[in-house]
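Trainee: I have a structure open and would like to talk through its pockets, core and salt bridges. Could you walk me through it?

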Amino acid sequence: MLYYLGQYLQDTFSWGPLRLLSSNAVFITVALYLGFFLAYKVIPKFYDKLPHDRGREFTLKDNAEAAKGKPTGAGSVFITLFVIISVVLVPFSWAKYSIIALTWLTMLTGFLDDRSVTSWGEYLKGALDLIISLAAAFILYYGLKQVSPDGTVKFWLPFVTNEITVHPAVYITICTIMLWASINTTNCTDGVDGLSATLVLIALLTLGAVFYMVLGHTDIAHYLRVPHFAEGASWAIMLFGMAGVVMGYLWHNAFPSHCLMGDAGSRALGFFIGVCVMASGNPFMILATSSIIFVNGGMGLLKVALLRFFKIKIFENIRFPLHDHMRKNRGWSPTQVLIKFVIIQLLITCAALGLMFKIR
């Protein structure tokens, strides 16, 4: 919306500073700061309107007791703020706006579960996640195909010099699995104050920098032998907008927290990260952005699935999510869990980005 207003004003008036209203760097900055200040100010105003935590089912008893009674579902507030910021600042395309709508819909399913007295159950939530992930996979494929210079969708992969054209069925299958896994692993990681949001923030800032400074920059993309993504800057606006609202939420969620994002936040954030990873054209980018999230939450999902469906027992002596194991078995405090997990993720992020962009 603001992008087109800027273009109109530039065409109508000759005042030089008006060109800032069509600058992607300006929009990225505005999205980040606007997101932070809006979330910081608005979230506390909804404390009395949000559902209150009744003690989480799959977490340590002391974690559940500490969370009990706090406003939860704050994700419904900051994800809605993200949607508003994106509509105002992001240049229109049917694919990006569809993804924004699906992000809000993912939030809504989580919020309705947060608000429900009786949990919706794993299978219902899993089915809803699958439907949303499948819809997003189709949107991403055909949206990327539309903006591709040669009308094809390609992957650029680590250790492979040339791009690989991807068949639609392969892309949609990989994308659906990626999104479903990202939604659920991010949800499982939300169990220690500030942990999930901080790890997500690292992912958002990493992807935002990659989209704007590498994929969206013709010369740098050519130098690193990765495909130039003409819409990289507009995706970066969304990423930094989401980073801003997550920062605003973290201000209130830092240990000891005053509110919780609930499924409304964690599921939508997981979905959005997965979408942006697939939009980057490199599914392995998830290693650079969310390794700890996938290990922390994903190994628990794998453990339960193997035991429930195949009667295979693995990791019997390890409690999942892994942050619960570190607290119960290793004696880490919530602050130690947060800082040590963040340090490990930052180390992985630096190494993974170096391997992906330089060894090709």
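Mentor: Gladly! Let us begin with a term: a pocket is an open set of grid points where a 1.4 Å probe fits, with protein on both sides within 12 Å along at least five of seven lines. Keep in mind that this is a predicted model.

Trainee: What volume does the second largest pocket have, and which residues lie nearest its centre?

Mentor: The volume of the second largest pocket is about 390 Å³. Its lining counts 19 residues. Nearest the centre are Ser148, Pro149, Pro227, His228 and Phe229.

Trainee: How many residues of that lining are charged?

Mentor: Split the lining of the second largest pocket by residue class: ten are nonpolar and five are polar. The charged residues number four.

Trainee: Turning to the interior, which helix gives the largest share of the largest nonpolar core?

Mentor: That core holds 100 residues, and Tyr171, Phe211, Trp235 and Met285 have the most contacts inside it. The largest share is 13 residues, and the element they come from, spanning residues 195–215, is helix 8.

Trainee: Which residues is methionine 285 in contact with, leaving aside neighbours within four places in sequence?

Mentor: Methionine 285 is among the residues with the most contacts inside the core. With those sequence neighbours left aside, its contacts are Trp156, Leu207, Val210, Val277, Ser280, Leu353, Met356 and Phe357.

Trainee: Now the charges. How many salt bridges does a search of the whole structure find, and which partner does lysine 125 meet in helix 11?

Mentor: Side chains of opposite charge can pair when their charged atoms come close. The search finds eight salt bridges. Lysine 125, in helix 6, has a partner 138 residues away in the chain. At 3.8 Å from N to O, that partner is aspartate 263.

Trainee: Is the pair of lysine 125 and aspartate 263 buried or exposed?

Mentor: Buried means under 20% relative accessible area. Lysine 125 has 16%, so this residue falls below the cut-off. Aspartate 263 has 13%, so the verdict for this residue too is buried.

Trainee: Which residues does the network of salt bridges that share partners join?

Mentor: Aspartate 263 also meets arginine 267 in a salt bridge, at 3.7 Å from N to O. Both lie in helix 11, four residues apart, about one turn of the helix. Through shared partners, one network joins Asp113, Lys125, Asp129, Asp263 and Arg267.

Trainee: And how far apart are the closest N and O atoms of aspartate 150 and lysine 154?

Mentor: Aspartate 150 is partly exposed at 45% relative accessibility, and lysine 154 is partly exposed at 29%. They form a salt bridge, with the closest N and O atoms apart by 3.0 Å.

Conventions. Residues are numbered from 1 along each chain as its sequence is written. This is a predicted model: local features need pLDDT of at least 70, side-chain atom pairs count only at pLDDT 80 or more; totals for chains, interfaces and linings use all residues. Side-chain values use heavy atoms; hydrogens and water are left out. On a 1 Å grid over the protein atoms alone, a cavity is a set of points where a 1.4 Å probe fits but cannot get out, and a pocket is an open set with protein on both sides within 12 Å along at least five of seven lines; lining residues have an atom within 4 Å of a point. Grid points are joined across faces, edges and corners, and a volume is the space filled by probe spheres set on the points. Ala, Val, Leu, Ile, Met, Phe, Trp, Tyr, Cys and Pro count as nonpolar, Asp, Glu, Lys and Arg as charged, and the others, Gly among them, as polar. A nonpolar core is a set of buried Ala, Val, Leu, Ile, Met, Phe, Trp, Tyr and Cys residues joined through side-chain atoms within 4.5 Å. Buried means under 20% relative accessible area, exposed over 50%, partly exposed in between (1.4 Å probe, protein chains only). Helices (H or I, at least four residues) and strands (E, at least two) are DSSP runs, numbered from the N terminus. Contact means heavy atoms within 4.5 Å. A salt bridge is a side-chain nitrogen of Lys or Arg within 4 Å of a carboxyl oxygen of Asp or Glu.
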